[in-house]
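Please open the model in your viewer, colour it by secondary structure, and keep the selection panel to hand. The tour proceeds by selections, each followed by a description of what should then be in view.

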Amino acid sequence: MKIEKAEVGVIGTNFYVVTDEKTGLSFAVDTGADFTELEPLLKNKNIKYILLTHGHYDHILGTAAAKRSTGAQIVIGGKDAQCLFNETLSRAGLHFPGVQQPVRADIQVKDGDEITVGSIKIKVMETPGHTKGSVCYILPDEGVIFSGDTLFYRSIGRTDFPGSSYSDMENSLFKLRKLDGDYKVYPGHGMPTTLDFERKYNPYL
Ligand SMILES: [Zn+2]
């Protein structure tokens, strides 16, 4: 499995493309920029899914264009699905009114759902707190978590937005903390980390 990363958009959101080298199939995680920024990583890839960690504009603004270019299925936590066509809910309207191209989710996921891309199995963990529909995508066999804006290197996502909840965030962090074993963690912003490192040094986890 190969993970490629770019920091895209005005506030530097991580955009990942993961490829199963056995089958040549790929998926993307978050698309928070216009297509010109995403294109280099999407080029010549067979992208099956665009997995969105939540519905904030800095994670979804490129989704419509990426869908047009790749034909991939758009996947998002059910409780954030409306963000994809509502710039108030995505907060795009606040920062870039009129810019968001509305698009619909193909698949609305919930806790425990599984998605398969080639030989890669992806499990959905609902982790509300930053938004109601925030999810982490967990690759149990590869020991990888895409944590969106729930868990960062030595920090966590903000819980002061409309729809945020600190007590939900605490429960979500507890779920992550008590996962068995160590994982490599790829967050929505900033550098990658590991679950063991965060268990030790993250004051919130
Ligand atoms: Zn966010």
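What follows is a walk through a predicted model, from the whole chain to its sheets, a helix, the core and a loop residue.

**The whole chain**

Begin with the entire protein chain, whose secondary structure comes to 6 helices and 14 strands. Its radius of gyration is 15 Å, close to the 17 Å that the globule rule gives for 205 residues, so the chain is as compact as a globular protein of that length. If you orient the C-alpha trace along its principal axes, it spans about 40 × 40 × 25 Å. Buried residues make up 47% of the 205 residues, and, among contacts with a separation of 6 or more, 58% are between residues 24 or more positions apart.

**The sheet of strands 1 to 6**

Select strands 1 to 6 next, which make an open sheet in the order 1-2-3-4-5-6 with mixed pairing. Which strands stand at its edges? They are strand 1 (2-8) and strand 6 (107-109), each of which has a single partner strand, so that one side of each is left without a neighbour in the sheet. Neighbouring strands in this sheet are turned by 20° against each other on average, direction ignored.

Now narrow the selection to strand 1 and strand 2, which run antiparallel and are joined by 7 bridges. Glu7 has Asn14 in strand 2 as its bridge partner. The two strands form a hairpin with 4 residues between them, and in the turn you will find Gly9 with a positive phi of about 80°.

Moving one strand further into the sheet, select strand 2 (residues 13-20) together with strand 3 (residues 25-29), an antiparallel pair joined by 5 bridges. Here Tyr16 has Val29 in strand 3 as its bridge partner.

**Helix 3 across the sheet**

Keep the sheet visible and add helix 3 (residues 63-70), which lies across strand 3, strand 4 (46-51) and strand 5 (73-77) and runs at about 155° to strand 4. Within the helix, highlight Thr63, Ala66 and Thr70, which are its buried residues. They cover an arc of only 65° around the axis, which puts them on the same side of helix 3. To see what these buried residues pack against, display strand 3, helix 1 (35-42), strand 4, helix 2 (57-60) and strand 5. Just after the helix, Gly71 takes a positive phi of about 70°.

**The second sheet**

Hide the helix and select strands 7, 8, 9, 10, 13 and 14, which form an open sheet in the order 7-8-9-10-13-14 with mixed pairing. At the edges stand strand 7 (114-117) and strand 14 (193-194), each with a single partner strand, so one side of each is left without a neighbour in the sheet.

Within this sheet, centre on strand 10 (residues 144-148) and strand 13 (residues 184-187), which run parallel and are joined by 4 bridges. Two of the partnerships can be picked out by residue: Phe146 has Tyr186 in strand 13 as its bridge partner, and Gly148 has Pro187.

Then select strand 13 with strand 14, where the pairing is antiparallel over 2 bridges and Val185 stands opposite Thr193 in strand 14. These two strands form a hairpin with 5 residues between them, and Gly190 in the turn has a positive phi of about 80°.

**The nonpolar core**

In soluble globular proteins, nonpolar side chains tend to be buried together. In this model the largest nonpolar core has 54 residues, and those with the most contacts inside it are Ala28, Ile50, Leu51, Val75, Tyr137 and Ile145. The largest share of this core, 5 residues, comes from strand 9 (residues 135-139).

Centre on Ile50 and show its surroundings: leaving out residues up to four places away in sequence, Ile50 touches Ala28, Thr31, Thr63, Ala66, Lys67, Ala72, Ile74 and Val75. Thr63 and Ala66 were already highlighted as buried residues of helix 3.

**A last stop in a loop**

Finish at Lys79, in the loop between strand 5 and helix 4 (92-95). Is Lys79 buried, exposed or partly exposed? With 19 C-beta neighbours inside 10 Å, Lys79 counts as partly exposed, because the threshold for a buried residue is 20 or more. Apart from its neighbours within four places in sequence, Lys79 is in contact with Lys132 and Gly133. For a final distance, select the C-alpha atoms of Lys79 and Thr150, which are separated by 15 Å and belong to residues 71 apart along the chain.

Methods:
Residues are numbered from 1 along each chain as its sequence is written. Two strands pair if DSSP finds at least two bridges between them. Axes are lines fitted to C-alpha atoms, for helices over the stretch in contact, and angles run from 0 to 180 degrees between N-to-C directions. Two residues are in contact if their C-beta atoms, placed from the backbone, lie within 7 Å. A residue is buried if 20 or more other C-beta atoms lie within 10 Å of its own, exposed if 12 or fewer, and partly exposed in between; C-beta atoms are placed from the backbone. The arc is that of the directions from the helix axis to the C-beta atoms. The radius of gyration is taken over C-alpha atoms; the globule rule is 2.2 Å times the number of residues to the power 0.38. A nonpolar core is a set of buried Ala, Val, Leu, Ile, Met, Phe, Trp, Tyr and Cys residues joined through C-beta atoms within 7 Å.
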